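Here are a few exercises to work through with the model on your screen. Try each task yourself before you read the solution.

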Number of protein chains: 2
Amino acid sequence: MQETYIIGVDIGGTAIKFALIEEDGKINHKWEIPTERKDQGSYIPEQIAKSVKEKLAELHITEQQILGIGAGAPGYVDVQNGVVYEAINLGWKDFHLKQRLEEFLNMEAYILNDANLAALGEHWTGAGRDSDQLIAVTLGTGVGGGIIVNGEVINGVNGTGGEIGHITATPHEGPKCNCGRQGCIETYASATGITRQALHVIETDQNTTLKDEYQAKGKLSSKDVFEQAAKGDQAAQSIIDYTADVLGKMLADLAVSINPSKIIIGGGVSQAGEQLLQPVRKSFHSYALKRVADVCQIVQAELGNDAGVAGAAYYVKQRKQF
Amino acid sequence: MQETYIIGVDIGGTAIKFALIEEDGKINHKWEIPTERKDQGSYIPEQIAKSVKEKLAELHITEQQILGIGAGAPGYVDVQNGVVYEAINLGWKDFHLKQRLEEFLNMEAYILNDANLAALGEHWTGAGRDSDQLIAVTLGTGVGGGIIVNGEVINGVNGTGGEIGHITATPHEGPKCNCGRQGCIETYASATGITRQALHVIETDQNTTLKDEYQAKGKLSSKDVFEQAAKGDQAAQSIIDYTADVLGKMLADLAVSINPSKIIIGGGVSQAGEQLLQPVRKSFHSYALKRVADVCQIVQAELGNDAGVAGAAYYVKQRKQF
């Protein structure tokens, strides 16, 4: 019998990532192409199909050997029908991604939100592989989330499940969020949010080395905040502590509802590792019901940029089993 | 073929409620007995079995006609093994409820937390009957919760799923909670919490009619707060508004994670009806992501004291189907 594979696709605003994945989760091949965004991203399905066909031909694999294709989009998804309600970065609105992919490819397509896929990926082969109840947080340009209960990701009634970046940290005050509200977690704990805090600090604090960094480079990033804190800058450390406090409180409140065994922190900001995780754990324990905190580990994501494609493949595998 | 039934049991600190329920959810008979709490509640399983046997004999129903018995306990439950980790009001610790019930009764027993059962009950035949994604809140002596995702209740890794009464409303300040922490939702939004707020107000506000009520009766209840507010007392109205604000914020943060179609408010305090629900809805909409609030209705529970027994029966039905 010929080996079967699953194709995982992670559609981002800049690049589309692909992986050919074996049924046990092993990534056989991975590749990426730049996202074609013209005409409200209407060429993306064709682009994906073309790239998949080329790769399969190159590897001498037939479409019949593919169990299915899973694709993640950065937006709200109607998983039942495979429609992306809205993905602002791609220009999509009520975009029938499943149907379009199936037009071009002779395989079944499954669609999910990208942060939810990242959670499923970590659950399958990453930091959550032994955990059927977990919360995954992605700290990138924004703050995304995926919640897994009994091994299934929470998608919700209109694709908004796990949108934990919009949990309110500072009610009716604080920075304006893209969602139109104020004080969302995302405005503090994303890379953008941490940078914003840093820019605010250098306006008022004369002594911070963040100021020197900014003057030398003409810009600041969240990475600078972690680097300067590591070198002993108090202001930078205060930003980390505040961010960790906000995150720890949010995760504690969520954990008392979900009662997970793992909280997995991923995304660019998580590359700070223990420098971020330690204060988050401390804050989490100060806010969480003891019984909940006792069984919940806070760990770093393991799959990095592969989490999305792995999750997309796992989602196909899960659906095919039902 | 003889009709089959399910037995639902809701074990409380004062009374044990029973119902004989048909497979479509119709309550055929219900009854209750006082809880025997002596010797750390060790007689409760025998008590339950005796009462069930008597009722079945009276109704000429055999144990073979019973699909199973579902029982809810006010504590943390290991649903896999049917063990109650801890139920303080009953005196139970690592109590093997499933095993004990099955010793005395010739039927399979299933155990769940009582607030989770109430959520399942409302989901089956109550206010959530058309909703597979819902959050149920019970505002009683404490604040309990049950979260249903894809029709299944979230129990969590050590039985703490849905313990939303311990979400933090006021970090590191506010009233001390039974859990040892401060500022939990429960310390504000439970009947006890609302009464506590009222007692605090009459110490400082000379003009509130709550003071007259207290002097006349020697005590206050959460019901007094709603009654005096309805009569125009500003201080009482402020307590309701604050409570609704705290609840609305908590529910908005939870809804952006779960993305439910219904939030169901039950328990004694919910008998205030629209007087409570209207300000909660207002607060919820001010804190929730618009896309989440747009699809989520906040409604009053419908089953009252029957929610637990109905949910216990439904839980048996669900498990038997797998």
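**Exercise 1. Find the residue of chain B that comes closest to the rotation axis, then work out how the two copies are related.**

Step 1. Look for the C-alpha atom: Leu254(B) comes closest of the residues of chain B, at 3.6 Å from the axis.

Step 2. Now superpose chain B on chain A, using least squares on the C-alpha atoms of residues with pLDDT of at least 70 in both. A rotation of 180° does the job, with 0.0 Å of shift along its axis and an RMSD of 0.0 Å. The two copies are therefore related as by a two-fold rotation axis.

Step 3. Check the surfaces: 100% of the contact residues of chain B recur in chain A, so the same surface serves both copies.

A word on ground rules: this is a predicted model, where local features need pLDDT of at least 70 and side-chain atom pairs count only at pLDDT 80 or more, while totals for chains, interfaces and linings use all residues. Residues are numbered from 1 along each chain as its sequence is written, chains are lettered from A and ligands numbered from 1 in the order in which they are written, and side-chain values use heavy atoms, with hydrogens and water left out.

**Exercise 2. Describe the interface of chain B and chain A.**

Step 1. Count contacts (heavy atoms within 4.5 Å). You get 39 residues of chain B touching 39 residues of chain A.

Step 2. Get the buried area, meaning the accessible area (1.4 Å probe) that two parts lose on being put together, summed over both. The answer is about 3,300 Å², with carbon and sulfur atoms giving 58%. On the chain B side, Val157(B), Leu289(B) and Arg291(B) lose the most area to chain A, together 19% of what that side buries.

Step 3. Search for salt bridges (a side-chain nitrogen of Lys or Arg within 4 Å of a carboxyl oxygen of Asp or Glu). Across this interface the rule finds zero.

Step 4. See which elements take part, with helices (H or I, at least four residues) and strands (E, at least two) being DSSP runs numbered from the N terminus. Strand E10 (143–149), helix H9 (234–258), helix H10 (274–287) and helix H11 (290–294) of chain B each supply at least two residues of the side that touches chain A. The largest share, six residues, comes from H9(B).

**Exercise 3. Compare salt bridges within the chains.**

Step 1. Start with the total: the whole structure holds 34 salt bridges over all chains.

Step 2. Take Glu58(A) and Lys55(A), whose side chains meet at 3.6 Å, N to O. Both lie in helix H2 (residues 44–58) of chain A, three residues apart, about one turn of the helix. Are they buried or exposed (buried is under 20% relative accessible area, exposed over 50%, partly exposed in between; 1.4 Å probe, protein chains only)? Glu58(A) is exposed at 51%, whereas Lys55(A) counts as buried at 13%.

Step 3. Move to Asp294(A) and Lys290(A), a salt bridge at 2.9 Å, N to O. The two are about one helical turn apart because they sit four residues apart in helix H11 (residues 290–294) of chain A. Both are exposed.

Step 4. In chain B, Glu54(B) pairs with Lys50(B) in a salt bridge, with the closest N and O atoms 3.4 Å apart. Glu54(B) is partly exposed at 45%, and Lys50(B) is exposed at 55%.

Step 5. Finish with a network: salt bridges that share partners join Glu213(A), Lys217(A) and Asp224(A).
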